[in-house]
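Subject: The structure we talked about

Hello,

Here is the structure I promised to pass on to you. Please open it and keep it beside this message while you read.

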Amino acid sequence: DEPNDYPMPYRSQVIWYGRVPWDLGSSFGMPAVSTHNRLFVGDTLGRLAAPEFITRTALHADVSATDKNDDPNQPVVMGNIRGGDPITNNNDFWDQKHMSEEYSYIYPDQAWRDYGFGTHNPDHADEITGDPANYASWYERMADQTDYPNLGHDGGWPATISFGPYTLNPGDSIRIVYVEGFAGLEPEAAFDIGRAYKLSGYNNDALIEYKGEQKTKDLWYFTGIDSIKKMLDRASANYTSGYDIPEPPLPPSNFTLTSGTDRITLSWETFNGDNPPGGFELYRTRNQYQGIPEEKFIYNKIAELGPTERSYEDTEVTRGIQYFYYLQAVGDVNNDPTGLTPIGVRLKSGRYYAQSYIPAFLKRASGETIADSRIVPNPYNLGSDKNVRWPGQQDRLGFLDIPGQCTIEIYTELGELVQEIDHTDGSGDAYWNLTTKANQVVVSGIYFAVIKDKDTGEQLIRKFIIMR
C-alpha cells in the first residue's frame, strides 16, 4: 500500500494469503499439513502451499489525451472495497445518488487524495495491522497482523484501482500500461521453510535457517515481496525497451507420450520445423504432475537432446509408477542484457507449453491366453487403504493380462451396458474410471465384464464388485 513502509519505486498494490483462523500456528504461506491445504494424500510435510504475492502495478498513464507523457499522479486512487458492498451492486446509471457515490469512491475529495499515496484513508493495511511506529520494518509489521483480512464479514476485500479523471473528445484515446503478476519464495525455499516450521511444532518464534540466514517462518514468507520487486524491475525494463528484449526459442508445438511394455516413448514437433540452437532439455517426475513431496516437487532433468531430435525413449522407468514430463527448447547463450534479461545463460522456452498432465507408465505384456485376464482390485472398495488401490489415481479399475487387441463390455447384473472399452495398443493393461457412457459415476453393485479377443474371437466373462 504505502511506499514509505517498503521502499519500492512503483505504483503498486500487493495481495497475499493473509491471517485466517488457524489451529496450527500461523497461517501465512498456507502450510500444507495433515488436514489442511494438501494437494493429495501424502502431501503433509508442511511445505508452504501459497508462498506467492500478487501485484497490480501501473507503469504508465497518459497525462491527457494530448499529453502522452507519464503522469506520476496516476492511478489517482489504489484502494479496496468490501465484496458485496451496496456501492458495487445495482449499478443504474440513471440513479444519480448511487452514481455520485461510486464516483466519490473512485475519485475521492482532495483531503483523501492528499493522504499517503493515492490510497483510501484508512487503507486495508491500516485496518489489519498495528501502528507502523511500533515496527522496525515492513516485514515485521505485516507479519504481526492484528486482525483478519475479512474484517468481521464473510466476504473479501478486493483491490481497486482508479485512473483519471480524463476529458475525452470523440476519437481521443488514453494509454494506460500496468502489470499483473505474482512472485514469492522459490519452490525449494517454500518446501524447506514450511517443513522446518512443521517440525518446530508450529512455533511462530522458531528461527529457521535457509541458505545461511535465520528468520521466523512468517518473516521468511514476507521476504517474498523482494521477488515482486525483481519481477517489476524486469517488467519496467521490458516496457522501457519497447518490448525489444531477447526471446527464447519457441516451445515444441506438440508433445506426445506413449506408454509401452518396456519403455515410455516421447515425441514432439516444432513450429515451422525450427531447430533450437541449444537443442532440448527433458525433465521428469513421478506419481503427481506437481512432483512428489520427497523430492520437493522438483522435476529432474533426465536428458539433453540435440536440436534435430524429435523423440526420446525413456527406459529408466519402473512398472507401477506414474511418470510426468516437460520439454523445453534451449537457445544460444544470451549476451544481451536489454530488459534486465540475464546474460551468460541459455534462454529456454516456457516449461508449461510442453508439460504432460496425464500420466505415462509401463504397461504389461498381453496375456498368453484370454483366460489369463483378471480385474484388479476386486472387490473395489472406496473405503479401503490407499495402498490397496492405485497410487495417485485411486478411482479406476484395472483389467490386466488381457489380449492386446480386445473389447471390454461392462454390464450391470440386470444386463444393462454401462461402458465399452476399445483396447488396441497391444499391451495387457486397460483401465476404467468407474463412469458410465454418460459420464456418471457408477453405484455400488455386482458387475460383469465381457472381454472379447479381436484376433481369435474368444470371449470371457469376469464378475466384479464395486463398493462405495
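Below is what I found in it, from the whole chain down to single residues.

**The chain as a whole**

Please keep in mind that this is a predicted model. The chain has 468 residues, and 42% of them count as buried. Its secondary structure is made up of seven helices and 22 strands.

How does the radius of gyration of the chain stand against that of a compact globule? For a globule of 468 residues one would expect a value near 23 Å, while this chain comes out at 29 Å. If you turn the C-alpha trace along its principal axes, you will find that it spans about 85 × 55 × 55 Å.

Contacts give another view of the fold. Take the contacts between residues at least 6 apart in sequence: 65% of these join residues that are at least 24 apart.

As for the surface, about 24600 Å² of the chain is accessible, and carbon and sulfur atoms account for 49% of that area. The chain carries 41 positive and 66 negative charges, and the mean positions of the two sets lie 7 Å apart.

**Helix α1 and histidine 98**

A good place to zoom in is helix α1, which runs over residues 96-106. Which of its residues are buried? They are His98, Glu102 and Tyr105. These three cover an arc of only 60 degrees around the axis, so they sit on the same side of α1. Gln96 and Lys97, on the other side of the helix, are exposed. The buried residues of α1 have two strands to pack against, namely β3 (77-80) and β4 (159-162).

Histidine 98, which belongs to helix α1, deserves a look of its own. Why does histidine 98 count as buried? Its relative accessibility is 10%, and the cut-off for buried is under 20%. Leaving aside residues up to four places away in sequence, histidine 98 touches Pro86, Ile87, Asn89, Asn90 and Asn91. Proline 86, one of these partners, is 12 residues away from histidine 98 in sequence, and their C-alpha atoms are 9.1 Å apart in space.

**Unusual backbone spots**

Some background for this part: most peptide bonds are trans, and most residues other than glycine have a negative phi. Here are some places that go the other way.

Two cis peptide bonds are worth finding on your screen:

- The bond from glycine 164 to proline 165 is cis, with omega near -5 degrees. Proline 165 sits in the loop that links β4 to β5 (176-184).
- The bond from asparagine 378 to proline 379 is cis as well, with omega near 5 degrees. You will find proline 379 in the loop between β15 (374-376) and β16 (380-381).

Next come two residues with a positive phi. Tyrosine 243 is not a glycine, yet its phi is positive, at about 60 degrees. It belongs to the loop between α7 (225-240) and β8 (254-259). Is tyrosine 243 buried, exposed or partly exposed? With a relative accessible area of 47%, tyrosine 243 is partly exposed, because exposed means over 50%.

Asparagine 272 is likewise not a glycine and has a positive phi, of about 55 degrees. Its loop is the one between β9 (264-269) and β10 (280-286). The relative accessible area of asparagine 272 is 74%, so this residue is exposed.

**Proline 251**

Let me finish with proline 251, which lies in the loop between α7 and β8. Proline 251 has a relative accessible area of 11% and is therefore buried. What does proline 251 touch, not counting residues up to four places away in sequence? The partners are Phe271, Ser349 and Tyr353. Valine 76 is 175 residues away from proline 251 along the chain, and the C-alpha atoms of the two are separated by 40 Å.

I hope this helps you find your way around. Do write back with any questions.

Best wishes

Definitions and conventions:
Residues are numbered from 1 along each chain as its sequence is written. This is a predicted model: local features need pLDDT of at least 70, side-chain atom pairs count only at pLDDT 80 or more; totals for chains, interfaces and linings use all residues. Side-chain values use heavy atoms; hydrogens and water are left out. Buried means under 20% relative accessible area, exposed over 50%, partly exposed in between (1.4 Å probe, protein chains only). Helices (H or I, at least four residues) and strands (E, at least two) are DSSP runs, numbered from the N terminus. The arc is that of the directions from the helix axis to the C-beta atoms. Contact means heavy atoms within 4.5 Å. The radius of gyration is taken over C-alpha atoms; the globule rule is 2.2 Å times the number of residues to the power 0.38. Accessible areas come from the Shrake-Rupley method with a 1.4 Å probe; for residues, only the protein chains shown count as cover. Lys and Arg count as positive and Asp and Glu as negative; His and the chain ends are not counted. The place of a charge is taken as NZ of Lys, CZ of Arg, CG of Asp or CD of Glu.
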